[in-house]
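User: I'd like to go through this one and ask where the labels come from. Can you take me through it?

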Amino acid sequence: MIGLAYLCPTPGVQEGPFSLSSLANYGVSVIFFFYGLKLNFEKLKAGLSNWKLHAVVHLFTFVVFPIIVLSTKGLFQTDESALLWLGTFYVAALPSTVSSSVVMVSIAGGNMPAAIFNASISSLIGVFITPVWMGFVLTTESGQYDLAGVIGKLALQVIAPVVLGLLLNRRLSGFAKWTQKYLTHFDRIVILMIVYTSFCESFERRMFQSLTGPDLLVLGGLMLGLFFLVYGLISVVCRLLGFSREDRITALFCGSKKSLVQGSVMANVLFPANVVGIVLLPIMMYHALQLIAASVLAQAIARRNSAITE
């Protein structure tokens, strides 16, 4: 999609109710409607009891992550590096990803109900907390940040479809399960459309001219380092709190992951169109690297658990 945006940016910058960017926004609402359709009140209520685990996951997701990146702001002085730092801080402020967190917890043998609960709640909390964090570092041309407006747009695009799906869960949950395999492909198509349209605008305005190959390698190394730093801190905290093996696994994979879906959706609301592409670079790198690292770690934990059991 990035290559296509570079070669042919014109379709991605067109505007209108049936433009690619508008269709992508409609698709996001459909994704979150079906996401709500797969939830149910009983599972959400059952997940509330393990409050220590929930506290660790969400404190790392929404507090520790941003504080770590915020402490590095002084190291990025030029305009180009400042935008990459903004994108990195955006990564830190995002909620946890849902599907891959649950998959990794399943592979490693963690607490699955808690993983589903935390990943789901994280996405909803992020609609409110991520814009608040970004308000500390973002300003509009008038010098103000319209927090209420941002949250309102995200609530309409994300929360409203989720609530509608949740209300229709009992009637249509079977339909949601039947469409699951098709929805996976739909999710990916929507994300690809968002990535394409975001980068079209940036290429059209020549935002990437100053970035080099070594810059991207350094950024990738920093994203991987951020993942392992948070992963290690969570591990230490879980041991200090005496978490069970299952709860520790859930905290590790739910607290260290970040959502590309939410990141793509919120970026179009939070940032000017001309910088969305470059700001999305860190989350795209973090997303890809976290999948690789988490997959290796989850399988290693699973093999170790299997050896202990035998």
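**What the labels rest on**

Analyst: Let's start with the record: UniProt, in an unreviewed entry, lists residues 23–41, 53–76, 82–108, 115–138, 150–170, 182–199, 219–244 and 265–289 under "transmembrane region". The coordinates themselves are a predicted model.

User: What do residues 53–76 and residues 150–170 look like in the model: helix or strand?

Analyst: Helix. Residues 53–76 are 75% helix and 0% strand, with their end C-alpha atoms 34 Å apart. For residues 150–170 the figures are 95% helix and 0% strand, and the end C-alpha atoms lie 31 Å apart. That goes with the chain overall, which has 15 helices and zero strands.

User: Why is Phe-65 called buried?

Analyst: The cut-off for buried is under 20% relative accessible area. Phe-65 has 0%, so it is buried. The residue lies in helix α5 (residues 51–70).

User: What does Phe-65 touch beyond four places in sequence?

Analyst: Phe-60, Ala-92, Leu-226, Val-230, Gly-255, Ser-256, Lys-258 and Tyr-286. There's also a long-range pairing to look at: the C-alpha atoms of Phe-65 and Leu-229 are separated by 9.6 Å, with their positions 164 residues apart along the chain.

User: Thr-97 and Thr-179 are both in loops. Are they buried or exposed?

Analyst: Buried, both of them. Thr-97 has a relative accessible area of 8%, and Thr-179 also comes out at 8%. Buried means under 20%, so the label fits Thr-97 and Thr-179.

User: Where exactly do those two loops run, and which residues does Thr-97 touch?

Analyst: Thr-97 sits between α6 (79–93) and α7 (99–108), while Thr-179 is between α10 (169–178) and α11 (180–204). Leaving out residues up to four places away in sequence, Thr-97 touches Ala-119, Lys-257, Lys-258, Ser-259 and Gln-290. As for Thr-179, its C-alpha is 9.2 Å from that of Phe-34, 145 residues away in sequence.

User: What makes Leu-23 and Val-30 "partly exposed"?

Analyst: Partly exposed covers what falls between the 20% and 50% cut-offs. Leu-23 is at 36% relative accessibility and Val-30 at 34%, so Leu-23 and Val-30 each get that label. Leu-23 is found in helix α3 (residues 20–37), and Val-30 lies in α3 as well. The C-alpha of Val-30 is 9.2 Å from that of Val-162, and the two are 132 residues apart along the chain.

User: What is the nonpolar surface patch made of, and how does Leu-23 qualify for it?

Analyst: Phe-18, Leu-20, Leu-23 and Tyr-26 make the patch, which is about 420 Å². Patch residues need over 30% relative accessible area, and Leu-23 has 36%, so it passes that test.

User: Why do Arg-245 and Glu-246 count as a salt bridge?

Analyst: The nitrogen-to-oxygen limit is 4 Å. The side chains of Arg-245 and Glu-246 meet at 2.9 Å, N to O. By that rule the count comes to one salt bridge. Arg-245 has a relative accessible area of 33% and is therefore partly exposed; Glu-246, at 30%, is partly exposed too.

User: Which residues touch the most other members of the largest nonpolar core?

Analyst: Leu-86, Tyr-90, Met-134, Phe-253, Leu-270, Phe-271 and Val-279, out of 80 residues in that core. Helix α15 (residues 276–309) gives the core its largest share, 13 residues.

User: What is Phe-271 in contact with, past four places in sequence?

Analyst: Leu-86, Tyr-90, Met-134, Leu-138, Val-276 and Val-279.

User: And Met-284, where is that and what does it touch?

Analyst: Met-284 is found in helix α15. Not counting residues up to four places away, Met-284 touches Ile-2, Val-195, Phe-199 and Leu-260. Its C-alpha lies 9.9 Å from that of Met-223, and the two are 61 residues apart in sequence.

User: What share of the chain is buried, and what share of the contacts is long-range?

Analyst: Of the 310 residues, 49% count as buried. Among contacts with a separation of 6 or more, 86% join residues 24 or more positions apart. The chain exposes about 15,100 Å², with carbon and sulfur atoms supplying 67% of that area.

Methods. Residues are numbered from 1 along each chain as its sequence is written. This is a predicted model: local features need pLDDT of at least 70, side-chain atom pairs count only at pLDDT 80 or more; totals for chains, interfaces and linings use all residues. Side-chain values use heavy atoms; hydrogens and water are left out. A nonpolar core is a set of buried Ala, Val, Leu, Ile, Met, Phe, Trp, Tyr and Cys residues joined through side-chain atoms within 4.5 Å. Buried means under 20% relative accessible area, exposed over 50%, partly exposed in between (1.4 Å probe, protein chains only). Helices (H or I, at least four residues) and strands (E, at least two) are DSSP runs, numbered from the N terminus. Contact means heavy atoms within 4.5 Å. Patches are made of residues with over 30% relative accessible area and no salt bridge: like charges are joined within 9 Å, nonpolar side chains (Val, Leu, Ile, Met, Phe, Trp, Tyr) within 5 Å. Accessible areas come from the Shrake-Rupley method with a 1.4 Å probe; for residues, only the protein chains shown count as cover. UniProt positions are given in the numbering used here, feature names are shortened, and annotations may be inferred rather than shown by experiment.
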